[in-house]
Amino acid sequence: MNQKQHSAPVALRSIHVTDEFWQREMELVRKEVIPYQWEVLNDRVKDAAPSWCMHNFRAAAKLMREKKDKGATFVAPTYTFRGFEALPEDPEHPEEDRFYGFVFQDTDFSKWIEAVGYSLAVHPDAELEKTADEAIDLVCAAQMENGYLDTYYIINGMDAALTNLRDNHELYCLGHLAEGAVAYYQATGKDKLLRAACRYADFFAERFGPEEGKCKGYPGHEIAEMALIRLYEATGEQRYLDLSRYFIDQRGQEPNYFIEEEFARAAREGKTLRAPKGNMAYHQAHKPVREQDEAVGHAVRAVYLYAGMADTARMTGDERLFDACEKLFNNIVNQKLYITGGIGGTHMGESFSYPYDLPNDSAYSETCAAIGLAFFTRRMLQIKADSRYGDVMEQALYNTVLAGMALDGKSFFYVNPLSVVPEACAKDERLQHVKPVRQKWFGCACCPPNIARMVTSVAQYAYTESEDTLYTHLYMSGEVDKRFAGGAIRMKTASRMPWDGHVSVSIEAQKPVSGTLAFRIPGWSGACSAKASCAQEGTQTEMRDGYLYLTGTWQEGDGIELDFTMPVRMLAANPRVREDLGKVAFTRGPVTYCAEEADNGDMLHLLRVDAAKVGRDGEGVAVEMEEKFGHPTAALVVPGYRAVLPEAEGLYAAAAPLEERETTIRLIPYYAWANRGLGEMSVWLRG
Ligand code: FUB
Ligand code: ZN
């Protein structure tokens with residue numbers, strides 16, 4: 001691993017996004033999602049599944065207060081398991097002392113405060129900050145003296161804390177809390193939540209580790225690994241890096257902690273357990289991480305782990321760990337990635353399926369998993385700027401991540417299918433997990449707040465920096481400030497991505513400054529040209545791993561013009577993917593397209609693309625800019641046919657060529673589907 005290539009995300013304060021496309025998304029989150037989510041966290045939204053999140057913090061804070069007031073006479077509740085998801089018997093009258101919701105319900109707050117932090121970093125808002133500060137006061141009031149902070153156990157009985165790391169998410173809650181706390185601290189300079197997160201992390205750092213007598217466990221749902229690195233980077237405290245590394249090194253080692261834990265739990269409950277029930281691959285604990293070369297198990301857990309592995313590999317220079325990340329990345333790309341940038345082929349365990357099993361209508365493709373894939377690939381880019389990682393990051397962001405949220409920011413997808421027939425979703429129990437329209441909220445609300453934190457921080461996926469290089473991974477209009485050893489520059493980008501491949505970069509600088517500007521050459525671009533006009537001669541150009549490096553002395557008025565051709569691409573899947581054989585899908589730039597009933601009528605399976613007319617470079621497809629979705633989008637108009645239904649309704653007849661009539665097939669960006677009511681959708685079409 002070449003240390004010199006490492007980079008870190010540019011601070012949000014140093015980036016000013018003015019991009020037509022991303023600015024709209026960011027404003028949606030700021031104006032719609034963040035306030036809406038706060039209402040949901042407080043169970044004030046009719047027709048949306050209650051969160052119970054702030055209710056739980058209130059209940060835990062009350063317990064803590066009572067403990068303080070009553071001192072020695074306080075009797076802590078004894079652990080009562082009320083289910084992985086505990087709901088009130090009478091939803092109208094929840095009991096104020098009870099814990100409700102999923103065991104990880106605290107993370108609804110943590111993700112919200114993280115998005116708030118990112119938003120405040122670029123858009124100060126005194127009222128929002130006040131609400132956030134009050135929420136933080138409540139959360140901190142729920143923290144125990146020893147630093148422990150998970151309302152599920154605080155309320156249900158601390159005697160069982162740390163007895164089910166595999167399923168009960170205490171370390172997941174730590175991870176999200178740390179991520180939220182760092183974001184809020186970096187935005188506001190207020191460290192109350194950061195101190196709480198550190199105390200909770202310290203609680204684990206004191207109890208977990210290789211030393212004798214310490215717990216040998218690790219997270220059942222990963223995220224603490226990358227969050228602890230973030231805490232380490234924010235505080236400089238070595239113990240957080242050590243703990244993250246410990247979790248990574250320990251996962252999947254023999255004896256398997258989760259199996260031992262399960263036996264211990266059974267013994268504690270007076271039960272006899274013959275064989276453990278847990279599936280270690282689901283938790284990526286089936287073998288040590290450096291030996292893992294296939295992405296398996298719960299998809300969100302997996303990519304969160306890989307992100308943590310990449311972080312740790314970067315921080316420690318661990319080559320074997322990086323190699324494992326690289327193998328896992330390749331495995332995802334070569335065998336397990338939907339063309340929409342989604343991952344997770346099966347709803348069974350919300351998991352990766354076996355190689356090349358990528359069903360379209362029953363896809364799971366959880367929004368959080370695509371977000372996790374962006375986490376992982378951005379971290380791989382931080383180790384090594386290689387456009388293969390950037391391509392996948394971009395594919396996930398522009399397609400499945402954005403599809404997770406309606407264009408008005410008011411409803412969300414958890415599952416992101418590539419083919420939908422509403423009647424099938426309603427009547428086929430195998431598709432119970434697939435919703436043909438976005439939902440206002442979810443009892444298990446992991447995805448919407450994850451979108452909020454992703455979109456508000458998207459600029460940190462566009463730009464990373466090392467001491468001497470500013471990397472551009474995604475193109476979005478705006479400005480970024482970069483300080484090199486010899487001075488600072490402001491780099492301005494003008495781009496109409498994802499609809500147009502021309503990118504114009506200009507430099508502002510008070511004096512000439514030497515440094516390197518690196519630009520990603522997207523894998524989708526047919527051809528690319530770059531022209532730098534610099535006042536000072538001698539700019540060096542180098543192409544490496546799909547990045548263009550321009551090294552020189554930059555001064556006011558210098559500019560770079562990048563041109564990426566953006567052909568319409570008609571793609572076929574590897575024939576090993578049974579579901580897609582004989583079908584084609586369309587992409588243009590980073591955007592994947594789909595056909596919707598609103599444009600093409602129902603029974604989309606009757607459509608067939610005229611591949612010959614489309615042509616090798618997609619020249620037979622018309623690209624039409626339209627305003628249909630409240631912002632400019634490019635639609636594709638594809639030559640094709642529609643099969644004519646026979647008059648006879650009987651099932652079978654002698655085989656004969658299908659009667660077809662010529663038609664055009666209108667495709668819209670996948671992220672924009674399901675914004676025009678109920679209807680069919682399909683990414684893959686017969687071709
Ligand atoms: O377990 C926490 C979150 O809930 C997971 O990341 C999601 O897949 C959902 O199961
Ligand atoms: Zn989710």
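**A zinc site and its neighbouring ligand**

At 8% relative accessibility, Cys446 counts as buried (buried means under 20% relative accessible area, exposed over 50% and partly exposed in between, with a 1.4 Å probe and protein chains only). Glu366 is likewise classed as buried, at 3%. The structure is a predicted model, in which local features need pLDDT of at least 70, side-chain atom pairs count only at pLDDT 80 or more, and totals for chains, interfaces and linings use all residues. Residues are numbered from 1 along each chain as its sequence is written, chains are lettered from A and ligands numbered from 1 in the order in which they are written, and side-chain values use heavy atoms, with hydrogens and water left out.

Both residues belong to the zinc site. The zinc ion (ligand 2) has as its protein donors Glu366 (OE), Cys368 (SG), Cys446 (SG) and Cys447 (SG), at 2.1 to 2.3 Å. Donors here are N, O and S atoms within 2.8 Å of the metal (3.2 Å for Na, K and Ca); water is not among the atoms, so sites may look incomplete. Angles of 93 to 117 degrees between the 4 donor atoms make the arrangement around the zinc ion tetrahedral, a label given to four donors if all angles lie between 85 and 135 degrees. Along the chain, the donors follow the spacing E-x1-C-x77-C-C. Glu366 sits in the loop between helix H12 (319-336) and helix H13 (367-383), and Cys446 in the loop between helix H15 (422-427) and helix H16 (447-456), so the pair ties together parts that are 80 residues apart in sequence. Helices (H or I, at least four residues) and strands (E, at least two) are DSSP runs, numbered from the N terminus.

Glu366 and Cys446 also appear among the residues surrounding ligand 1, which include Phe104, Tyr172 and Tyr414; a residue is listed if one of its heavy atoms lies within 4 Å of the ligand. Oxygen atoms of ligand 1 meet polar side-chain atoms of His169 at 2.8 Å, of His221 at 2.7 Å and of Glu366 at 2.7 Å. On its own, ligand 1 has 270 Å² of accessible area, and the protein covers 94% of it (Shrake-Rupley method, 1.4 Å probe).

Two cis peptide bonds deserve a look on the backbone. One joins Glu254 and Pro255, with omega about -5 degrees, and Pro255 lies in the loop between helix H9 (238-250) and helix H10 (257-268). Another joins Met497 and Pro498, with omega about 5 degrees.

Definitions and conventions:
Tetrahedral: all angles 85-135°; square planar, octahedral: opposite > 155°, others 65-115°. Polar contact = N/O pair within 3.5 Å; in protein donor to acceptor, adjacent residues only side chain to side chain.
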